Amino acid sequence: MDIQQLRVFVTVAKYGSITRASDILCRSQPSVSAQIKGLETTLGIALFERTSRGMIVTQEGERLLDEAISLVDRHKQFMQEASRLKGSVSGVFMLGAGRHSGNGFVSAFLHLVSERFPELEIELKHLGSAQVIEGLRDNSLDMGFFTETESDTSDLTLVEVASFGIYLAAPPGIIRTSDPLDWQQLADQIWIVSSHDGCCGRWANALMEQHDICPKRIIKVDDEAVTRTLVASGAGIGLVHVNADDSLPPPKDIDLLHRVRKTARIMCGYLEARSDDPSIRAVDELVLDLLKSDATGATPSMLQLA
(Lines give C-alpha, C1' and ligand atoms only; values in the text may rest on other atoms or scores of the structure.)
Protein backbone atom coordinates (compact mmCIF):
# COMPACT_ATOMS: atom_id res chain seq x y z
CA MET A 1 0.00 0.00 0.00
CA ASP A 2 1.31 3.46 -0.90
CA ILE A 3 0.16 7.06 -0.60
CA GLN A 4 -1.04 7.14 -4.22
CA GLN A 5 -3.51 4.34 -3.52
CA LEU A 6 -4.83 6.28 -0.56
CA ARG A 7 -5.20 9.44 -2.67
CA VAL A 8 -7.20 7.46 -5.23
CA PHE A 9 -9.39 5.94 -2.49
CA VAL A 10 -10.14 9.36 -0.99
CA THR A 11 -10.90 10.93 -4.39
CA VAL A 12 -13.20 8.14 -5.60
CA ALA A 13 -15.01 8.21 -2.25
CA LYS A 14 -15.49 11.98 -2.50
CA TYR A 15 -16.87 12.03 -6.05
CA GLY A 16 -18.44 8.56 -6.21
CA SER A 17 -17.16 8.00 -9.71
CA ILE A 18 -14.13 6.37 -11.35
CA THR A 19 -14.55 8.70 -14.33
CA ARG A 20 -14.64 11.85 -12.20
CA ALA A 21 -11.72 10.69 -10.08
CA SER A 22 -9.62 9.96 -13.17
CA ASP A 23 -10.24 13.54 -14.38
CA ILE A 24 -9.33 15.02 -11.00
CA LEU A 25 -6.19 12.90 -10.60
CA CYS A 26 -5.13 13.16 -14.27
CA ARG A 27 -5.02 9.36 -14.52
CA SER A 28 -6.67 6.91 -16.87
CA GLN A 29 -9.81 5.14 -15.67
CA PRO A 30 -8.13 1.70 -15.82
CA SER A 31 -5.30 3.06 -13.65
CA VAL A 32 -7.75 4.38 -11.03
CA SER A 33 -9.66 1.08 -11.05
CA ALA A 34 -6.41 -0.87 -10.67
CA GLN A 35 -5.34 1.29 -7.69
CA ILE A 36 -8.64 0.65 -5.94
CA LYS A 37 -8.50 -3.07 -6.67
CA GLY A 38 -4.91 -3.26 -5.46
CA LEU A 39 -5.75 -1.48 -2.21
CA GLU A 40 -8.76 -3.74 -1.61
CA THR A 41 -6.58 -6.79 -2.23
CA THR A 42 -3.92 -5.55 0.20
CA LEU A 43 -6.49 -4.79 2.91
CA GLY A 44 -8.58 -7.88 2.24
CA ILE A 45 -11.85 -5.92 2.30
CA ALA A 46 -14.17 -4.27 -0.22
CA LEU A 47 -13.97 -0.48 -0.03
CA PHE A 48 -16.69 0.22 -2.59
CA GLU A 49 -19.91 -1.23 -3.89
CA ARG A 50 -20.06 -0.89 -7.68
CA THR A 51 -23.57 0.19 -8.70
CA SER A 52 -25.26 1.78 -11.72
CA ARG A 53 -25.26 5.06 -9.74
CA GLY A 54 -21.51 4.96 -9.25
CA MET A 55 -19.07 3.90 -6.53
CA ILE A 56 -20.69 3.66 -3.10
CA VAL A 57 -18.37 3.43 -0.10
CA THR A 58 -19.00 0.29 1.93
CA GLN A 59 -19.45 0.29 5.69
CA GLU A 60 -15.88 -0.96 6.10
CA GLY A 61 -14.65 1.70 3.68
CA GLU A 62 -16.41 4.45 5.66
CA ARG A 63 -14.59 3.35 8.82
CA LEU A 64 -11.23 3.72 7.04
CA LEU A 65 -11.99 6.86 5.04
CA ASP A 66 -11.31 9.46 7.76
CA GLU A 67 -7.96 7.85 8.53
CA ALA A 68 -7.09 7.78 4.81
CA ILE A 69 -7.89 11.49 4.48
CA SER A 70 -5.73 12.23 7.51
CA LEU A 71 -2.80 10.21 6.12
CA VAL A 72 -2.98 11.95 2.73
CA ASP A 73 -3.02 15.37 4.42
CA ARG A 74 -0.17 14.43 6.75
CA HIS A 75 1.91 13.16 3.83
CA LYS A 76 1.45 16.45 2.01
CA GLN A 77 2.38 18.43 5.12
CA PHE A 78 5.41 16.20 5.64
CA MET A 79 6.69 16.85 2.10
CA GLN A 80 6.09 20.58 2.42
CA GLU A 81 8.00 20.74 5.72
CA ALA A 82 10.86 18.74 4.22
CA SER A 83 11.02 21.21 1.33
CA ARG A 84 11.07 24.12 3.76
CA LEU A 85 13.89 22.60 5.81
CA LYS A 86 16.16 21.99 2.84
CA GLY A 87 15.38 25.42 1.38
CA SER A 88 13.94 24.18 -1.91
CA VAL A 89 10.49 23.67 -3.37
CA SER A 90 9.56 20.10 -4.24
CA GLY A 91 6.71 17.62 -4.13
CA VAL A 92 3.43 17.62 -6.05
CA PHE A 93 1.72 20.93 -6.81
CA MET A 94 -1.91 20.68 -7.92
CA LEU A 95 -2.84 23.44 -10.39
CA GLY A 96 -6.32 24.04 -11.78
CA ALA A 97 -6.99 25.91 -15.02
CA GLY A 98 -9.83 26.45 -17.46
CA ARG A 99 -10.18 23.93 -20.21
CA HIS A 100 -8.90 26.33 -22.86
CA SER A 101 -6.01 28.13 -21.23
CA GLY A 102 -4.23 28.45 -24.56
CA ASN A 103 -0.58 29.31 -25.05
CA GLY A 104 -0.40 32.60 -23.17
CA PHE A 105 0.11 33.35 -19.50
CA VAL A 106 -0.52 29.84 -18.18
CA SER A 107 1.95 28.26 -20.61
CA ALA A 108 4.61 30.85 -19.81
CA PHE A 109 3.93 30.31 -16.11
CA LEU A 110 4.35 26.54 -16.36
CA HIS A 111 7.58 26.97 -18.30
CA LEU A 112 8.96 29.31 -15.64
CA VAL A 113 7.96 26.95 -12.81
CA SER A 114 9.82 24.08 -14.49
CA GLU A 115 12.91 26.25 -14.83
CA ARG A 116 12.94 27.71 -11.32
CA PHE A 117 11.72 24.65 -9.40
CA PRO A 118 12.78 21.48 -11.25
CA GLU A 119 11.94 19.32 -8.22
CA LEU A 120 8.34 20.56 -8.09
CA GLU A 121 5.98 18.22 -9.93
CA ILE A 122 3.04 20.10 -11.44
CA GLU A 123 -0.24 18.26 -11.97
CA LEU A 124 -2.50 20.37 -14.19
CA LYS A 125 -6.25 19.79 -14.08
CA HIS A 126 -8.52 21.34 -16.72
CA LEU A 127 -11.72 22.31 -14.91
CA GLY A 128 -14.51 24.86 -15.02
CA SER A 129 -14.15 28.03 -12.96
CA ALA A 130 -16.58 26.85 -10.26
CA GLN A 131 -14.70 23.55 -10.00
CA VAL A 132 -11.37 25.36 -9.66
CA ILE A 133 -12.75 27.44 -6.79
CA GLU A 134 -14.19 24.32 -5.16
CA GLY A 135 -10.83 22.57 -5.51
CA LEU A 136 -9.01 25.45 -3.82
CA ARG A 137 -11.41 25.29 -0.89
CA ASP A 138 -11.25 21.53 -0.39
CA ASN A 139 -7.44 21.51 -0.84
CA SER A 140 -7.51 19.22 -3.88
CA LEU A 141 -5.89 22.18 -5.69
CA ASP A 142 -3.01 24.33 -4.47
CA MET A 143 -3.55 27.17 -6.95
CA GLY A 144 -5.88 27.87 -9.85
CA PHE A 145 -6.56 30.08 -12.86
CA PHE A 146 -10.24 30.84 -13.47
CA THR A 147 -12.62 33.38 -14.92
CA GLU A 148 -14.14 35.50 -12.16
CA THR A 149 -17.63 34.55 -11.08
CA GLU A 150 -20.34 36.31 -9.12
CA SER A 151 -19.73 34.09 -6.09
CA ASP A 152 -18.02 35.27 -2.91
CA THR A 153 -14.26 34.68 -3.11
CA SER A 154 -13.24 36.64 0.01
CA ASP A 155 -11.50 33.53 1.37
CA LEU A 156 -9.12 33.47 -1.62
CA THR A 157 -6.03 35.51 -2.39
CA LEU A 158 -6.43 36.64 -6.00
CA VAL A 159 -4.53 38.52 -8.69
CA GLU A 160 -5.82 39.44 -12.16
CA VAL A 161 -3.64 38.02 -14.94
CA ALA A 162 -5.69 38.97 -18.04
CA SER A 163 -9.12 40.00 -19.28
CA PHE A 164 -11.37 39.55 -22.30
CA GLY A 165 -14.74 40.64 -23.64
CA ILE A 166 -17.75 38.41 -24.31
CA TYR A 167 -19.77 38.92 -27.50
CA LEU A 168 -22.66 37.26 -29.28
CA ALA A 169 -21.20 36.41 -32.67
CA ALA A 170 -22.46 35.10 -36.00
CA PRO A 171 -20.90 33.74 -39.19
CA PRO A 172 -19.89 36.61 -41.51
CA GLY A 173 -22.70 38.13 -43.55
CA ILE A 174 -25.74 36.17 -42.34
CA ILE A 175 -27.10 38.93 -40.06
CA ARG A 176 -27.03 42.65 -40.87
CA THR A 177 -24.90 44.17 -38.13
CA SER A 178 -25.96 47.69 -39.11
CA ASP A 179 -29.61 47.04 -38.13
CA PRO A 180 -30.97 46.84 -34.57
CA LEU A 181 -31.02 43.22 -33.45
CA ASP A 182 -34.30 41.36 -33.74
CA TRP A 183 -34.05 38.93 -30.84
CA GLN A 184 -37.00 36.83 -31.94
CA GLN A 185 -35.35 36.46 -35.33
CA LEU A 186 -32.15 35.42 -33.58
CA ALA A 187 -34.13 32.75 -31.75
CA ASP A 188 -34.73 31.13 -35.15
CA GLN A 189 -30.97 30.69 -35.59
CA ILE A 190 -29.03 27.68 -34.38
CA TRP A 191 -27.35 28.61 -31.09
CA ILE A 192 -24.05 27.06 -30.05
CA VAL A 193 -23.93 27.04 -26.25
CA SER A 194 -21.10 25.86 -24.03
CA SER A 195 -21.61 23.97 -20.79
CA HIS A 196 -23.33 25.82 -17.94
CA ASP A 197 -20.19 25.81 -15.78
CA GLY A 198 -18.27 27.87 -18.35
CA CYS A 199 -18.52 31.65 -18.39
CA CYS A 200 -20.06 31.80 -21.88
CA GLY A 201 -22.59 29.13 -20.98
CA ARG A 202 -23.71 31.13 -17.94
CA TRP A 203 -23.93 34.37 -19.91
CA ALA A 204 -25.78 32.72 -22.81
CA ASN A 205 -28.51 31.53 -20.46
CA ALA A 206 -28.72 34.99 -18.88
CA LEU A 207 -28.97 36.60 -22.33
CA MET A 208 -31.86 34.33 -23.32
CA GLU A 209 -33.72 35.14 -20.11
CA GLN A 210 -33.08 38.87 -20.52
CA HIS A 211 -34.60 38.95 -24.01
CA ASP A 212 -37.23 36.26 -23.32
CA ILE A 213 -36.17 33.98 -26.14
CA CYS A 214 -35.88 30.23 -26.49
CA PRO A 215 -33.81 29.17 -29.51
CA LYS A 216 -35.51 26.54 -31.63
CA ARG A 217 -32.30 24.54 -31.86
CA ILE A 218 -29.22 24.47 -29.61
CA ILE A 219 -25.92 22.72 -30.18
CA LYS A 220 -24.24 22.10 -26.84
CA VAL A 221 -20.44 21.95 -26.63
CA ASP A 222 -18.12 21.36 -23.68
CA ASP A 223 -15.29 23.52 -24.99
CA GLU A 224 -15.74 27.26 -25.52
CA ALA A 225 -12.92 27.29 -28.07
CA VAL A 226 -15.06 24.99 -30.23
CA THR A 227 -17.84 27.60 -30.22
CA ARG A 228 -15.61 30.11 -32.03
CA THR A 229 -14.65 27.50 -34.63
CA LEU A 230 -18.27 26.44 -35.24
CA VAL A 231 -19.51 30.04 -35.52
CA ALA A 232 -16.76 30.89 -38.01
CA SER A 233 -17.62 27.80 -40.07
CA GLY A 234 -21.28 28.86 -40.37
CA ALA A 235 -22.81 26.30 -37.98
CA GLY A 236 -24.71 28.89 -35.92
CA ILE A 237 -24.40 31.84 -33.54
CA GLY A 238 -22.89 31.81 -30.07
CA LEU A 239 -20.99 33.63 -27.35
CA VAL A 240 -17.25 33.97 -27.83
CA HIS A 241 -14.26 35.52 -26.10
CA VAL A 242 -12.80 38.58 -27.83
CA ASN A 243 -9.79 40.74 -27.01
CA ALA A 244 -10.88 43.41 -24.53
CA ASP A 245 -8.73 46.08 -26.19
CA ASP A 246 -11.21 48.18 -28.23
CA SER A 247 -8.34 49.80 -30.15
CA LEU A 248 -7.62 46.53 -31.94
CA PRO A 249 -9.48 45.72 -35.20
CA PRO A 250 -12.49 43.39 -34.92
CA PRO A 251 -12.03 39.74 -35.89
CA LYS A 252 -12.48 38.88 -39.57
CA ASP A 253 -13.70 35.31 -39.22
CA ILE A 254 -16.92 36.24 -37.34
CA ASP A 255 -19.35 39.15 -37.04
CA LEU A 256 -19.82 40.61 -33.57
CA LEU A 257 -23.54 41.23 -33.00
CA HIS A 258 -23.85 42.26 -29.37
CA ARG A 259 -21.45 42.91 -26.52
CA VAL A 260 -22.58 40.80 -23.59
CA ARG A 261 -19.82 41.82 -21.22
CA LYS A 262 -17.09 44.37 -21.85
CA THR A 263 -14.57 42.88 -19.45
CA ALA A 264 -14.32 39.48 -17.81
CA ARG A 265 -11.24 39.00 -15.69
CA ILE A 266 -9.02 35.94 -15.49
CA MET A 267 -7.80 35.43 -11.95
CA CYS A 268 -5.04 33.40 -10.36
CA GLY A 269 -5.63 32.49 -6.76
CA TYR A 270 -5.20 30.24 -3.78
CA LEU A 271 -6.83 29.76 -0.39
CA GLU A 272 -5.84 32.65 1.90
CA ALA A 273 -5.52 30.27 4.84
CA ARG A 274 -2.64 28.56 3.00
CA SER A 275 -0.62 31.72 2.35
CA ASP A 276 2.24 30.39 4.53
CA ASP A 277 2.60 27.22 2.45
CA PRO A 278 6.19 27.33 1.09
CA SER A 279 5.27 25.96 -2.33
CA ILE A 280 2.32 28.30 -2.78
CA ARG A 281 4.34 31.28 -1.63
CA ALA A 282 7.17 30.46 -4.06
CA VAL A 283 4.88 29.81 -7.03
CA ASP A 284 2.85 32.94 -6.30
CA GLU A 285 6.03 34.99 -6.58
CA LEU A 286 6.52 33.61 -10.10
CA VAL A 287 3.02 34.78 -11.08
CA LEU A 288 3.82 38.28 -9.85
CA ASP A 289 7.19 38.21 -11.64
CA LEU A 290 5.47 37.36 -14.92
CA LEU A 291 2.95 40.15 -14.50
CA LYS A 292 5.68 42.67 -13.74
CA SER A 293 7.89 41.64 -16.64
CA ASP A 294 5.02 41.32 -19.14
CA ALA A 295 7.25 38.77 -20.80
CA THR A 296 4.56 36.44 -22.06
CA GLY A 297 3.04 38.59 -24.77
CA ALA A 298 -0.24 37.01 -23.71
CA THR A 299 -3.47 38.56 -24.87
CA PRO A 300 -6.94 38.00 -23.40
CA SER A 301 -7.98 35.92 -26.40
CA MET A 302 -5.08 33.57 -25.67
CA LEU A 303 -6.32 32.97 -22.15
CA GLN A 304 -9.85 31.72 -22.67
CA LEU A 305 -10.61 29.98 -19.41
CA ALA A 306 -13.88 28.26 -18.57
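**Briefing: cavities, sheet and a buried methionine**

By the rule applied here, the count comes to two cavities of 30 Å³ or more, in what is a predicted model. The largest cavity holds about 50 Å³ of space, and two helices, H2 and H6, each supply at least two residues of its lining. Around this, the briefing covers an open sheet of eight strands, a hairpin formed by S1 and S2, and the buried residue Met94.

**The largest cavity**

- The residues that line the largest cavity are Tyr15, Arg20, Ile24, Lys125, Leu127, Gln131, Glu134, Gly135, Asp138, Ser140 and Leu141.
- Sorted by class, this lining has four nonpolar, three polar and four charged residues.
- Helix H2 spans residues 18–25 and helix H6 spans residues 129–137, and H6 gives the most to the lining of the largest cavity, with three residues.

**The eight-stranded sheet**

- The open sheet has its strands in the order S4-S3-S5-S10-S6-S9-S7-S8, and the pairing within the sheet is mixed.
- Strand S4 (120–126) and strand S8 (217–221) are the edge strands, each of them pairing on one side only, while neighbouring strands of this sheet are turned by 30° against each other on average, direction ignored.
- Strand S7 (residues 190–194) and strand S9 (residues 237–243) run parallel and are joined by two bridges, with Ile192 standing opposite Gly238 in S9.
- Helix H10 (residues 278–293) lies across strands S3, S4, S5, S6 and S10, and runs at about 50° to S6.

**The hairpin of S1 and S2**

- Strand S1 (residues 48–51) pairs with strand S2 (residues 54–57) in the antiparallel sense, over four bridges.
- Two residues lie between S1 and S2 in this hairpin, and Glu49 stands opposite Ile56 in S2.

**Met94 and its surroundings**

- Met94 lies in strand S3, and Met94 counts as buried because its relative accessibility is 5%, where the cut-off for buried is under 20%.
- Apart from neighbours within four places in sequence, Met94 is in contact with Arg7, Ile24, Glu123, Lys125, Ser140, Leu141, Asp142 and Met143.
- Among these contacts of Met94 are Ile24, Lys125, Ser140 and Leu141, which are also among the residues that line the largest cavity.
- The C-alpha atoms of Met94 and Gly144 are separated by 8.4 Å, although these two residues are 50 residues apart along the chain.

Terms used: Residues are numbered from 1 along each chain as its sequence is written. This is a predicted model: local features need pLDDT of at least 70, side-chain atom pairs count only at pLDDT 80 or more; totals for chains, interfaces and linings use all residues. Side-chain values use heavy atoms; hydrogens and water are left out. Two strands pair if DSSP finds at least two bridges between them. Axes are lines fitted to C-alpha atoms, for helices over the stretch in contact, and angles run from 0 to 180 degrees between N-to-C directions. Contact means heavy atoms within 4.5 Å. On a 1 Å grid over the protein atoms alone, a cavity is a set of points where a 1.4 Å probe fits but cannot get out, and a pocket is an open set with protein on both sides within 12 Å along at least five of seven lines; lining residues have an atom within 4 Å of a point. Grid points are joined across faces, edges and corners, and a volume is the space filled by probe spheres set on the points. Ala, Val, Leu, Ile, Met, Phe, Trp, Tyr, Cys and Pro count as nonpolar, Asp, Glu, Lys and Arg as charged, and the others, Gly among them, as polar. Buried means under 20% relative accessible area, exposed over 50%, partly exposed in between (1.4 Å probe, protein chains only).
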